[in-house]
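Reader: I've got this one open in my viewer and would like a close look at a single part of it. Could you pick the empty space first, meaning the pockets, and walk me through what surrounds it?

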Amino acid sequence: MVLNINTAKKTAELLLQINAIKLKPENPFTWASGWKSPIYCDNRILLSYPSIRNYIKHEMAKQVESIYGMPDVIAGVATGAIGMGALVADALGLPFVYVRPEPKSHGRQNQIEGYLVPHQTVVVIEDLISTGKSSLNAVEALKAQQANIKGMLAIFTYGFETASVNFKEKNVELHTLSDYDHLIEQASETNYIQEEQLNTLMDWRKNPSKWLQQ
């Protein structure tokens with residue numbers, strides 16, 4: 001769920017500006033899952049742009065506090081949200097931990113890196129939500145360490161129905177700075193895309209796993 005429409009559109013504008021989000025309806029990307037897609041998102045790029053990085057950091061910090069209240073700890077999902085999660089924690093003056101996809105195979109075999117006390121309240125920071133599975137895997141790892149999860153805040157979501165279902169099943173509250181609908185609206189209003197490209201982008205969203213395979 002997007003909290004602020006103006007923030008959603010501004011975030012989309014900035015991500016398009018630095019090519020953190022690329023739209024190529026006429027030359028689709030292939031995701032790791034094998035899906036063909038007219039959009040590709042890599043929000044780690046924004047860490048290389050100080051003014052944009054700071055905007056995202058401050059907006060996320062404000063929304064963490066306004067939506068969830070001040071937690072005890074901020075957790076970032078590895079690897080994409082480690083940088084932004086640490087920045088948000090710093091802006092709020094809070095401890096930070098990050099969660100690996102799975103425990104290390106050596107040493108202490110940690111899945112959670114950092115100091116986390118049982119029953120502390122945690123807000124999870126994520127860079128991108130697609131199906132939500134990897135994000136929710138991080139939540140489960142935190143819960144296994146007796147963390148009290150207040151919710152998750154991500155930079156961007158594709159808005160897939162399967163993600164909504166997955167978060168609802170796990171009873172995890174999700175908010176994002178921006179989403180696919182506001183991205184497409186912003187791209188259309190600024191003539192970043194033309195009408196034919198818009199139609200392709202909307203068609204993809206109807207059934208992304210089967211797009212170009214029908």
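Author: Here is a walk from the whole chain to its pockets, and then along the elements around them.

Keep in mind that this is a predicted model. The chain has seven helices and ten strands. Its radius of gyration is 17 Å, close to the 17 Å that the globule rule gives for 214 residues, so the chain is as compact as a globular protein of that length. Along the principal axes, the C-alpha atoms fill a box of roughly 55 × 35 × 30 Å. Buried residues come to 49% of the 214 in the chain. As for who touches whom, take the contacts with a separation of 6 or more: 65% of them join residues 24 or more positions apart.

Now the part you asked about. The largest pocket has a volume of about 750 Å³. Strand E4 (39-41), E8 and H4 are the elements that give two or more residues to its lining. There are 29 lining residues, and those nearest the centre of the pocket are Cys 41, Asp 127, Leu 128, Ser 130 and Ser 134. If you care about the chemistry of that wall, it divides into 13 nonpolar, ten polar and six charged residues.

Which element gives the most to that lining? It is H4, with five residues, and that makes H4 a good place to zoom in. The helix covers residues 133-144, twelve residues in total, and reaches 16 Å from its first C-alpha to its last, close to the 16 Å expected at 1.5 Å a residue. Its buried residues are Ser 135, Leu 136, Ala 138, Val 139, Ala 141 and Leu 142. A bit of helix geometry is handy for reading that list: an α-helix has 3.6 residues a turn, so residues three or four places apart point the same way. The cover over the buried residues of H4 includes the strands E5 (73-77), E6 (96-99), E7 (112-113), E8 (121-129) and E9 (148-157), along with helix H5 (161-169). Just after H4, Gln 146 takes a positive phi of about 70 degrees.

Strand E8 deserves a stop too, since it has turned up both in the pocket lining and in the cover of H4. Ile 125 is found in E8, and at 0% relative accessibility it counts as buried. Leaving aside neighbours within four places in sequence, Ile 125 is in contact with Met 60, Val 64, Ile 74, Ala 75, Gly 76, Val 77, Ala 81, Gly 85, Val 88 and Leu 153. Take Gly 85 from that list: Ile 125 and Gly 85 are 40 residues apart in sequence, yet 5.5 Å apart in space, C-alpha to C-alpha.

Two others from that list, Met 60 and Val 64, lead over to helix H2, where they are among the buried residues, along with Ile 52, Ile 56, Lys 57, Glu 59, Ala 61, Gln 63 and Tyr 68. The 19 residues of H2 (residues 50-68) should span 27 Å at 1.5 Å a residue, and the end C-alpha atoms are 26 Å apart, which agrees. Covering its buried residues are, among others, helix H1 (5-17), helix H3 (82-92) and the strands E5, E8, E9 and E10. Just after H2, Gly 69 takes a positive phi of about 80 degrees.

Back to empty space. The search of the whole structure finds one cavity of 30 Å³ or more, and about 40 Å³ of space lies in the largest cavity. The residues that line it are Asn 43, Arg 44, Leu 46, Leu 47, Gly 80, Gly 83, Met 84, Asp 127 and Ile 155. You've met Asp 127 already, among the residues nearest the centre of the largest pocket. By type, the cavity lining divides into four nonpolar, three polar and two charged residues.

The second largest pocket has a volume of about 250 Å³. Of its 13 lining residues, Met 1, Thr 157, Gly 159, Ser 164 and Leu 174 lie nearest the centre. H5 and strand E10 (174-179) each supply at least two residues of this lining, and E10 gives the most, with four. The wall here divides into seven nonpolar, five polar and one charged.

Note on methods:
Residues numbered from 1 in each chain as written. Predicted model: local features only at pLDDT ≥ 70, side-chain atom pairs only at ≥ 80, totals over all residues. Heavy atoms only, no water. Expected span 1.5 Å × (residues − 1). Buried < 20%, exposed > 50% of the residue type's maximum accessible area, 1.4 Å probe, protein only. Contact = heavy atoms within 4.5 Å. 1 Å grid on protein atoms, 1.4 Å probe; cavity = no way out; pocket = protein on both sides within 12 Å on 5 of 7 lines; lining within 4 Å. Points joined across faces, edges and corners; volume = space filled by probe spheres on them. Nonpolar A, V, L, I, M, F, W, Y, C, P; charged D, E, K, R; others polar. Rg over C-alpha atoms; globule rule 2.2 N^0.38 Å.
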